[in-house]
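Here are a few short exercises on a ligand site and some backbone details. Try each task with the structure open before you read the worked solution.

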Amino acid sequence: MLLSKDFLFGFATAAYQIEGSPAADNRTPSVWDTFTHDTQAHHIADNSSGDEATDHYKLWKEDIQLIKSYGANAYRFSVSWSRIIDFTGGAASNSDAQGQSQRDPPNKAGIQFYRNLIEELVKEGIAPCLTLFHWDSPQVLEDREFGDLVKHWITLNEPWCYASLGYGYGVHAPGRSSDRAKSPKGDSALEPYIVGHNLILAHAYAAKAYREEFAPTQGGTIGVTLDSVSYIPYDDTPESKAAAQRAYDARTGWFADPIYKGHYPASLHSVSNNALPSFTEEELAVVKGSSDFFGLNTYTSNLVRDGGSDPLNGKTKTTFVRPDGTELGMKSHVPWLQSYPEGFRLLLNYLWKTYQKPIFVTENGFPVKNENSIQPIEEAVHDTDRIEYFRGYTNALLEAVNKDGVDVRSYFAWSLLDNFEWADGYKTRFGVTYVDYKTMKRYPKDSVWFLKEWFEKHSSAH
Ligand code: GBH
């Protein structure tokens with residue numbers, strides 16, 4: 001069962017989660033620096049930050065060798081706009097010939113870092129897949145650099161998370177929420193929808209710029225990555241089925257419907273209490289059809305029934321416990337994730353049927369329970385549960401492709417390295433490589449050899 005000739009087999013990361021070196025080469029703070037260093041409030045489980053993360057800004061070459069040794073032909077990463085644009089104000093090198101200061105002046109040293117990374121990847125035969133926005137940055141979009149070598153562009157990573165976790169629940173940067181305990185104060189009923197709306201527009205105009213100015217000569221593709229959960233009706237009742245659909249609409253359709261179909265999902269108007277801004281005709285023409293593919297990050301499944309009050313999950317109740325009291329799947333280190341491969345197959349089918357776009361799986365992975373406290377590291381690298389997870393999910397992908405005819409074009413495991421897991425800090429490890437945060441030494445885990453073998457077995461590009 002070989003996958004398509006250009007199938008991308010790889011690992012994914014994100015800038016703030018791995019780079020460290022927050023002040024190197026004129027980098028200025030992002031919202032995540034501010035959030036993790038907030039002295040007024042406690043946002044991160046272990047009080048950590050991405051200041052060091054996995055020290056990838058220094059160890060990038062070594063990390064590319066890891067990717068190569070893992071048999072991948074692709075690597076998905078994001079760029080930090082705090083490095084790419086010089087916000088330090090008026091550095092001489094950023095003035096043009098007339099001495100005028102430019103808007104969004106490029107920061108040469110920061111750009112050079114990514115340039116070096118990309119060139120090295122290409123040299124090693126690893127296709128760079130570049131995410132423009134993985135939460136850590138100002139919303140400035142700029143694809144002029146790197147286009148000669150990067151053929152796979154992802155505009156946004158999981159806009160649902162940025163809008164809902166950052167402006168609804170306030171658990172991610174910039175931490176806004178109407179929750180009394182949280183500061184700064186926001187309006188959770190309204191702000192996520194305004195942020196989401198503007199993210200859709202930012203994505204659409206970036207895609208338009210790329211397609212018009214760069215794609216014709218550079219020949220790449222551009223699209224958005226959304227996160228989804230496989231929403232499965234709790235039971236056979238029409239109420240549960242409708243609830244599962246509402247959950248899809250609130251999580252994924254919120255972004256996917258405008259982008260692929262040209263309108264917000266009907267249920268979201270009522271669920272959000274009419275908080276959705278509207279698109280002008282002109283905007284809609286840019287938004288509709290603005291993604292070449294369906295970029296999908298997915299980790300888990302939920303059983304859904306009617307009844308909740310939270311608009312951000314479609315006013316549904318979600319659980320991992322079936323009506324007969326059994327658990328849906330294998331538990332992980334975090335309460336929101338259980339392994340349920342059959343759900344992944346259902347999800348791939350649902351998205352293919354609903355949006356009819358080739359699906360690029362851009363993240364999928366599993367944090368082993370208590371992996372952080374297993375000692376010594378030589379023991380921790382025996383990540384049996386993660387192997388089990390990857391075995392199930394990669395097999396579900398093959399079934400979706402070969403038995404159901406779903407068009408899937410990539411599989412990126414999250415993540416290349418253990419890293420700064422946002423609000424969880426360093427307590428939750430998603431890597432296929434163990435990082436010793438004291439020495440920054442990398443130790444491949446057993447699961448990566450499982451993936452390497454899977455890549456080899458299903459690649460038709462021998
Ligand atoms: C992805 O998000 C991210 O793209 C990546 O950066 C991250 O490291 C990775 O997954 C692993 O988490 O507060 O209980 O509601 C995945 C989707 C959605 C998972 C929000 C965590 C919050 C759980 N995320 N969810 S909860």
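**Exercise 1. Find which residues surround the ligand, and which of them are closest.**

Step 1. Collect the residues with a heavy atom within 4 Å of the ligand. There are 16 of them, and the closest are Gln-17, His-134, Glu-158, Glu-421 and Trp-422.

Step 2. Keep the ground rules in mind. This is a predicted model, in which local features need pLDDT of at least 70 and side-chain atom pairs count only at pLDDT 80 or more, while totals for chains, interfaces and linings use all residues. Residues are numbered from 1 along each chain as its sequence is written, and side-chain values use heavy atoms, with hydrogens and water left out.

Step 3. Sort the shell by class: 8 residues are nonpolar, 4 polar and 4 charged. Here Ala, Val, Leu, Ile, Met, Phe, Trp, Tyr, Cys and Pro are nonpolar, Asp, Glu, Lys and Arg charged, and the others, Gly among them, polar.

**Exercise 2. Find how far polar side-chain atoms of Gln-17, His-134 and Trp-414 lie from an oxygen atom of the ligand.**

Step 1. Look for polar contacts, here pairs of N or O atoms within 3.5 Å.

Step 2. Read off the distances: 2.7 Å for Gln-17, 2.8 Å for His-134 and 3.2 Å for Trp-414.

Step 3. Now turn to burial: the ligand alone exposes 570 Å², of which the protein buries 77%. Areas come from the Shrake-Rupley method with a 1.4 Å probe.

**Exercise 3. Describe the pocket in which the ligand sits.**

Step 1. Locate the ligand: the largest pocket holds it, by the test that more than half of its atoms lie within 2 Å of the grid points. A pocket is an open set of points on a 1 Å grid over the protein atoms alone, where a 1.4 Å probe fits, with protein on both sides within 12 Å along at least five of seven lines; lining residues have an atom within 4 Å of a point.

Step 2. Take the volume, about 870 Å³, as the space filled by probe spheres set on the points. Among the 34 lining residues, Trp-160, Cys-161, Leu-165, Arg-251 and Trp-336 are closest to the centre.

**Exercise 4. Locate the cis peptide bond that ends at Pro-184 and the one that ends at Ser-415.**

Step 1. Ser-183 and Pro-184 are joined by a cis bond with omega about 0°. The bond from Trp-414 to Ser-415 is also cis, with omega near 5°.

Step 2. Return to the contacts: Trp-414 also places a polar side-chain atom 3.2 Å from a ligand oxygen.

Technical notes. Polar contact = N/O pair within 3.5 Å; in protein donor to acceptor, adjacent residues only side chain to side chain.
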